[in-house]
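This briefing covers an internal cavity, the two sheets around which the description is organised, and one residue looked at in detail. Please read it alongside the sequence and the coordinates.

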Amino acid sequence: MREAREAFRRFWPLTRGDRTWMLVIVACVVVSALAETAAILLFAELTDNALEAGSLSAFWGPAGAWLGVAVVGALVGYLGNSLATWTAERFVLRLRAGVFGHVQDLPPHFFQRHRQGDLVERLTGDVEAIEQMVVSGVVGTISAAFSAVFYAAAALYLRWDLALATFVLAPLFLLAARRFSGRIKQASQDERVADGAITSVVEESLGNIVLTQAYNRRRDEERRLDKEARAWMRASVRGARLIEMYEQFVEVVETLCVLAVIGLGVWEISAGRMTLGALLAFAAFIGYLYPPVRDLGQLGLTVTAATAGAERIAEILDAEPAVRDPETRVAAWPVRGWVGFHGVTFRYPGSARDSVQDMTLRTSPGELVLVTGPSGAGKSTLAKLLTRFYDPDSGVISLDGVPLTDVPLDFLRENIALLPQQTLVLNGTVRENIACGRPGATEAEIEQAARSAAAHDFITALPDGYDTPLAPGTAALSGGQLQRVAIARAMLRAAPVLVLDEPTAGLDSVAARQIVQPLRRLMSGRTTIMITHDLSLAADADRVLVVDEGRLVDSGTHDELMARCPVYTRLAEPWPGPRPPAPDDTLALRI
Ligand code: ATP
């Protein structure tokens with residue numbers, strides 16, 4: 001219960017702006033209850049005065065009034081229910097947008113720790129579960145409590161002694177709800193976890209279909225899905241069984257109550273202490289009393305199930321972004337391209353060792369600096385620090401002498417363009433994929449960027465040209481072509497500092513040759529930091545930095561390093577043993 005209270009306290013503030021509407025919904029429920037009561041009393045009057053007496057003249061008055069009450073009840077019911085759905089969905093919209101917005105700011109390691117399918121489930125199912133508690137739950141509780149008190153009062157008013165006799169059974173409802181709620185919460189939590197796991201397995205499996213097929217992993221993948229699907233099935237069946245058990249139990253208690261009313265009624269009528277109309281009205285009030293009491297019992301179940309979702313959403317919201325915008329924004333300035341690392345040390349959260357240690361380096365505007373080193377040396381980490389995916393644990397990174405922590409994030413990323421190791425594809429057309437480099441770019445600018453990236457020709461040769469749809473994992477374009485689309489995007493961004501992470505990795509010599517010219521155009525006049533293992537690119541660099549185990553071990557030109565740096569010479573060593581003939585291999589990679 002404490003968890004439910006905490007979850008409620010956390011998410012209730014999000015209903016600000018909807019509370020007036022929630023009150024209107026409750027008012028509608030009150031009016032509906034009044035209309036029902038009037039209808040029941042009119043029914044009693046009709047039974048005693050028109051039906052039993054066989055008098056048509058006694059029929060018209062109550063019948064007309066009943067119809068009027070029914071129309072008002074219908075209108076108010078329609079209004080209340082439509083409003084309730086609208087308010088609930090507005091809350092879902094707001095909560096989902098808030099959580100999704102928060103997720104956008106989270107650092108890469110958060111996504112490595114959480115499976116995508118699980119996050120999808122949290123942003124869909126769990127968000128809706130919280131709504132069930134915070135909006136529908138509150139409105140439902142107030143409405144049900146009001147209706148229960150109201151109908152109970154009406155029954156007591158009609159015959160307090162009979163009413164008390166039937167209320168004796170009421171604690172059974174609460175007892176049942178209490179007994180079932182804990183187990184239902186557990187089942188619902190298990191179900192959500194399993195649901196997320198299924199989505200994850202399907203997503204991972206489809207994303208890895210080539211590996212699955214090439215290595216005959218079909219059976220393993222099927223087994224993985226089967227394991228999660230069975231866990232889901234078990235939780236789902238357990239949850240359904242518990243809810244069904246609870247409902248059937250309530251059903252039996254209700255029947256007991258109805259039989260008690262009829263039994264007592266027969267006795268009272270035979271003793272002449274009650275009319276048939278009064279008994280029917282009494283039975284109707286008791287009948288109307290069940291659904292709200294039942295709702296109150298079930299509400300406890302909804303709340304416990306929602307608490308499970310709330311805890312999972314809270315876990316996301318409590319994850320801190322690794323970087324934040326500065327409190328006081330420095331004014332934008334025309335960036336020249338001085339980049340500096342001053343005694344920078346960084347360790348990934350949860351990692352046992354520093355990935356970058358006491359790194360100091362400087363680049364000047366327009367300089368091409370190549371960063372190389374063995375695998376795992378910390379090269380890509382430098383790119384992540386420079387683009388502020390993370391802040392260093394100590395030391396300062398600066399742009400034109402301004403510490404990055406003082407630079408607004410959007411300004412920083414406008415001025416430092418990153419061409420990541422993995423070509424990133426946006427879900428959209430080729431045009432949109434290029435245009436996201438600079439939102440608002442004109443058609444002519446997009447095409448110019450594509451021409452400079454040597455992409456225009458192959459794009460126009462596609463059946464749909466610039467309108468060809470692309471998606472992550474797309475097969476519409478080859479690796480080299482996608483890389484040129486990414487270069488066009490970076491061209492359009494026209495940032496004074498460019499960070500290229502392994503731009504030729506994964507490409508054969510022909511594809512690499514195709515991107516070399518566009519890359520040269522992209523780099524000209526900008527400060528470029530190129531991370532690469534491909535030392536055939538080194539001769540044209542102004543400087544080469546050699547990184548090993550997170551430290552800068554040496555820097556100089558290719559020739560200087562060949563003469564004195566053992567780490568570098570090892571990296572530059574020719575391939576051992578005979579190499580398959582590739583006539584213009586080295587030529588292709590020179591820029
Ligand atoms: P490669 O040339 O293979 O791409 P790299 O020099 O770019 O390697 P980095 O990716 O910068 O190396 O990684 C440096 C070190 O940091 C490695 O030891 C790696 O295991 C570690 N590392 C990288 N990313 C994370 C992470 N998210 N969490 C923990 N450790 C990480």
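A cavity, as the word is used here, is a set of grid points where a 1.4 Å probe fits but cannot get out. The model is predicted, and a search of the whole structure finds one cavity of 30 Å³ or more. The points below take up the lining of that cavity, then the two open sheets and the helix α12, which packs on the six-stranded sheet and also on the four-stranded one.

**The cavity**

- The largest cavity holds about 90 Å³ of space, and its lining is made up of 13 residues, with Phe341, Val371, Leu382, Leu386 and Ile529 lying nearest the centre.
- Two or more lining residues come from each of the elements β2 (356-363), β3 (368-372), α12 (379-386) and β10 (527-531), and the element that gives the most is α12, with four residues.
- Sorted by class, the lining consists of eleven nonpolar residues, one polar residue and one charged residue.

**The six-stranded sheet**

- Six strands are arranged as an open sheet in the order β6-β9-β10-β3-β11-β12, and their pairing is mixed.
- The edges of this sheet are formed by β6 (416-419) and β12 (551-556), each of which pairs on one side only, while neighbouring strands are turned by 20° against each other on average, with direction ignored.
- Strand β11, residues 543-548, pairs with β12 in the antiparallel sense over five bridges, and within this pairing Val544 has Gly556 of β12 as its bridge partner.
- Helix α12 packs on this sheet through contacts with β3, β6, β9 (497-501), β10 and β11, and the direction of α12 makes about 145° with that of β10.

**The four-stranded sheet**

- A further open sheet has four strands in the order β2-β1-β4-β5, and the pairing in this sheet is antiparallel.
- Because β2 and β5 (402-403) stand at the edges with a single partner strand each, one side of each of these strands is left without a neighbour in the sheet.
- Helix α12 packs on this sheet as well, touching β1, β2 and β4, and its direction makes about 115° with that of β1.
- Strand β1, residues 339-346, pairs in the antiparallel sense over five bridges with strand β4, residues 394-399, and the antiparallel pairing of β1 with β2 also runs over five bridges.
- Phe341, one of the residues nearest the centre of the largest cavity, stands opposite Leu361 in β2 and has Ile397 as its bridge partner in β4.

**Strand β1 and Thr345**

- Strand β1 is mostly covered, since six of its eight residues are buried.
- Is Thr345, a residue of strand β1, buried or exposed? Its relative accessibility is 17%, and residues count as buried under 20%, so Thr345 is classed as buried.
- Thr345 stands opposite Ser394 in β4, and Ser394 is also among the residues that Thr345 touches.
- Leaving aside residues up to four places away in sequence, the contacts of Thr345 are Asp354, Val356, Gln357, Asp358, Pro392, Asp393 and Ser394.

Notes: Residues are numbered from 1 along each chain as its sequence is written. This is a predicted model: local features need pLDDT of at least 70, side-chain atom pairs count only at pLDDT 80 or more; totals for chains, interfaces and linings use all residues. Side-chain values use heavy atoms; hydrogens and water are left out. On a 1 Å grid over the protein atoms alone, a cavity is a set of points where a 1.4 Å probe fits but cannot get out, and a pocket is an open set with protein on both sides within 12 Å along at least five of seven lines; lining residues have an atom within 4 Å of a point. Grid points are joined across faces, edges and corners, and a volume is the space filled by probe spheres set on the points. Ala, Val, Leu, Ile, Met, Phe, Trp, Tyr, Cys and Pro count as nonpolar, Asp, Glu, Lys and Arg as charged, and the others, Gly among them, as polar. Two strands pair if DSSP finds at least two bridges between them. Axes are lines fitted to C-alpha atoms, for helices over the stretch in contact, and angles run from 0 to 180 degrees between N-to-C directions. Contact means heavy atoms within 4.5 Å. Buried means under 20% relative accessible area, exposed over 50%, partly exposed in between (1.4 Å probe, protein chains only).
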